[in-house]
Amino acid sequence: MINSVTIEPFEGTPDKERLLAAFKRKPIDRVPNFEILYEDHHVEKLLGRYAGNTLSYGGDPAKGADAEQGRPMYPDDYIDLCNLIGQDAIMFDGGLWTPYKRRDENGNLVPAYNRSVKTRTDYEALVLDSENNINSTVSYIKEYKDTIAKRNSKVGVSAIYGCLSQTLYEFVVGMNDFMMMVYEDRELIEEMLEASCVHFVNMTKAVVAAGVDFIFPADDVAFKTGLFIPPKIFKEIWIKRMARIFEPAVSAGIPVMFHSDGKIDDIVEDLIDMGLDCLNPLDPYGVDYHDYKKRYGSRLCLSGNVDIEFPLSKGTPADVDADVKEHMEVLKPGYGYVATVSHSVVNYIPHENVIAYINAIHKYGKY
Amino acid sequence: MTSLKQIYDAVAAGNYKDIQDLVKKAIDDGAGLEDIIHKSLSAAMIEVGDKFGAGELYMPDMLLSAKAMKTAMEYLKPLLKGSEHISDRGTLVIGTVKGDLHDIGKNLVITMAEGQGFKVIDLGIDVDYEKFVDAIKSGKPDIVAFSGLLTTTLANIPQHIKAIEDAGLRKDLVLAVGGAPVTRHFADMYGIEIYAPDASGAAKEFVAAVASKKSNK
């Protein structure tokens, strides 16, 4: 019988050293469970009180909302959640989207996320609100670290940020125009990417200096069939810039986790060369995790792939348990596996399946 | 002499800048409008869509080819008045279902459908039942396509269909569904006629469905 009501007792209290060791494929006591995002209904059911979602309290950064509408989850709530589910690190939104802004009719800076940039003139009217974004992220890292220290907790802290291209195609330019501009006005595309890159390089430097335990850049660059952009061009305009975003962490010995949906086979070797430690989320619609374990398991920690559609949304707790077991059988041997869903633990997943998922990781994840 | 092959190649290469000149020259050289549309424009878009689906071409390639096709059609449309050609292939109403904000896949289907001569009424994302019904009443489409990436929002599709049935609009309407988690089985469960795993396949199904509809009349 699958327990889908309560989190069962598990061995090994939350400890960032477990997660960091998994990144380096070193022996640990159990496979870490780690999610980018638990949405608010699950958090509320787990904690017994409203505490927002794990990326934000009062906002929804994953959907491109203005980060000023919310703040990261309060540290005590997040540490309580980690203790309850056995997660080794806190992950908050450090600024997923490049903070491009424009002036409204009253002269106030507002997010420029309405896909209206089609020409150089449009682009030159934007303001990059970099410093405020970075300072805010650093202050939240400090807040988390202070509370962790006060509570003698061993959980780690990281921030997710770095949507180098996604900010542009999703919010600033629009997908179709962005893609055609890659061929037709590459100079402008490169200029916009470069501005994003400089912002995110500064973000990496700042978060590393503030003491994050690992960095977590993210940028969705592929479909289930492959990269959006031809690999040769993509490598010329994106790889070198994402490498620069990684670099301050790599040279400081801070592990790097990276996220992109889709089939990213064409760039995995580049990511390894750039110093990547952990690849997420092994999109189940584009990645064969058996194949990835064989090809990259000795060089990368792998994270993700448990499909939020099936079994998590549409399956039973028994389906969830069986799927986690299958993933463990392939990905757990040799260390270097972090159990994570394929996207986020969204509200539409039945809560009993979330409980079954966490319990299954603890049950099958013991070394 | 400009050949149909040159027009085909221009579309396949996304060369929208020269396409109208090529079409004009082909017509001057005696090429038929029907041949230009079927053998050059539409055929090239099918190849582009297939190659995109196979991972041999990428988004910029496909979008520029679609732009070339559209640019050619802008030139041809005034010449086509009064005759039934590919440009009158049919009308498609499409939207991402209620509760779902994803639109990349939907937009690719639109690109491919337009490439096959469909008039497309794009309802956007997070589309409510009533909006589909209103668009069917006003647009009189041949096909209504639901797009969705989330299993839970796809679960709203029976309500979308019921709203269409309640409004007495289901008869003569072909329904289609697509999105990463969608399967043929899912489509069959709800009596949805068309399912395709990618945009190119969807456009081919649309063409076949409309042809079948016309031959049954």
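**Exercise 1. Which residues does A:Y357 touch, not counting residues up to four places away in sequence?**

Solution. The model examined here is a predicted one. Step one is to list the contacts: A:Y357 touches A:V306, A:L312, A:V320 and A:V324, once residues up to four places away in sequence are left out. Step two is to place this residue in its wider setting. The largest nonpolar core has 179 residues, and A:Y357 and B:V11 are the members that touch the most others. Helix α4 (residues 59-80) of chain B contributes the most to this core, with 9 residues. In chain B, domain 1 (4-85) and domain 2 (89-216) each provide at least three residues of the core.

**Exercise 2. Determine whether the length of helix α13 of chain A agrees with expectation, and describe how its buried residues are arranged.**

Solution. Begin with the length. Helix α13(A) covers residues 317-331, which is 15 residues; at 1.5 Å a residue the expected span is 21 Å. Its end C-alpha atoms lie 21 Å apart, so expectation and model agree. Next, identify the buried positions: A:P317, A:V320, A:D321, A:D323, A:V324, A:H327 and A:L331. Viewed down the axis of α13(A), these residues fall within an arc of 165 degrees and therefore line one face of the helix. Finally, ask what lies over them. The cover includes α11 (289-296), β9 (301-303), α12 (308-313), β10 (337-338) and α14 (351-364) of chain A.

**Exercise 3. Describe the side of chain A that touches chain B.**

Solution. Count the participants: 19 residues come from chain A and 15 residues from chain B. On the side of chain A, α7 (175-184) and α12 each supply at least two residues. Helix α7(A) gives the most, with 6 residues. By character, the residues on this side of chain A comprise 11 nonpolar, 4 polar and 4 charged.

**Exercise 4. Classify A:D88 and A:P231 as buried or partly exposed, and locate a partner distant in sequence for each.**

Solution. Consider A:D88, which sits in the loop between α3 (75-85) and β1 (89-97) of chain A. The cut-off for a buried residue is 20 or more other C-beta atoms within 10 Å. A:D88 has 25 such neighbours and therefore counts as buried. Its C-alpha atom is 6.3 Å from that of A:G156, although the two residues are 68 apart in sequence. Beyond four places in sequence, the contacts of A:D88 include A:P14, A:K16, A:F34 and A:V155.

Turn to A:P231, which belongs to helix α9 (residues 231-252) of chain A. A:P231 has 15 other C-beta atoms within 10 Å, so it is partly exposed. The C-alpha atoms of A:P231 and A:D266 are 6.6 Å apart, with the two positions 35 residues apart along the chain.

**Exercise 5. Where do cis peptide bonds and positive phi values occur?**

Solution. Recall the usual case: most residues other than glycine have a negative phi, and most peptide bonds are trans. One cis bond joins A:N280 and A:P281, with omega about 5 degrees; A:P281 is in the loop between β8 (278-280) and α11 of chain A. Another joins A:F310 and A:P311, with omega about 20 degrees, and A:P311 lies in helix α12 of chain A.

For phi, A:R25 has a positive value near 60 degrees and occupies the loop between α1 (16-23) and α2 (40-47) of chain A. B:D126 has a positive phi of about 50 degrees and lies in the loop between β2 (118-122) and α6 (129-139) of chain B. With 19 C-beta neighbours inside 10 Å, A:R25 is partly exposed; B:D126, with 16, is also partly exposed.

Key:
Residues are numbered from 1 along each chain as its sequence is written. Chains are lettered from A and ligands numbered from 1 in the order in which they are written. This is a predicted model: local features need pLDDT of at least 70, side-chain atom pairs count only at pLDDT 80 or more; totals for chains, interfaces and linings use all residues. Helices (H or I, at least four residues) and strands (E, at least two) are DSSP runs, numbered from the N terminus. The expected span of a helix is 1.5 Å times one less than its number of residues. A residue is buried if 20 or more other C-beta atoms lie within 10 Å of its own, exposed if 12 or fewer, and partly exposed in between; C-beta atoms are placed from the backbone. The arc is that of the directions from the helix axis to the C-beta atoms. Two residues are in contact if their C-beta atoms, placed from the backbone, lie within 7 Å. Ala, Val, Leu, Ile, Met, Phe, Trp, Tyr, Cys and Pro count as nonpolar, Asp, Glu, Lys and Arg as charged, and the others, Gly among them, as polar. A nonpolar core is a set of buried Ala, Val, Leu, Ile, Met, Phe, Trp, Tyr and Cys residues joined through C-beta atoms within 7 Å. Domain bounds come from an automatic or database domain assignment.
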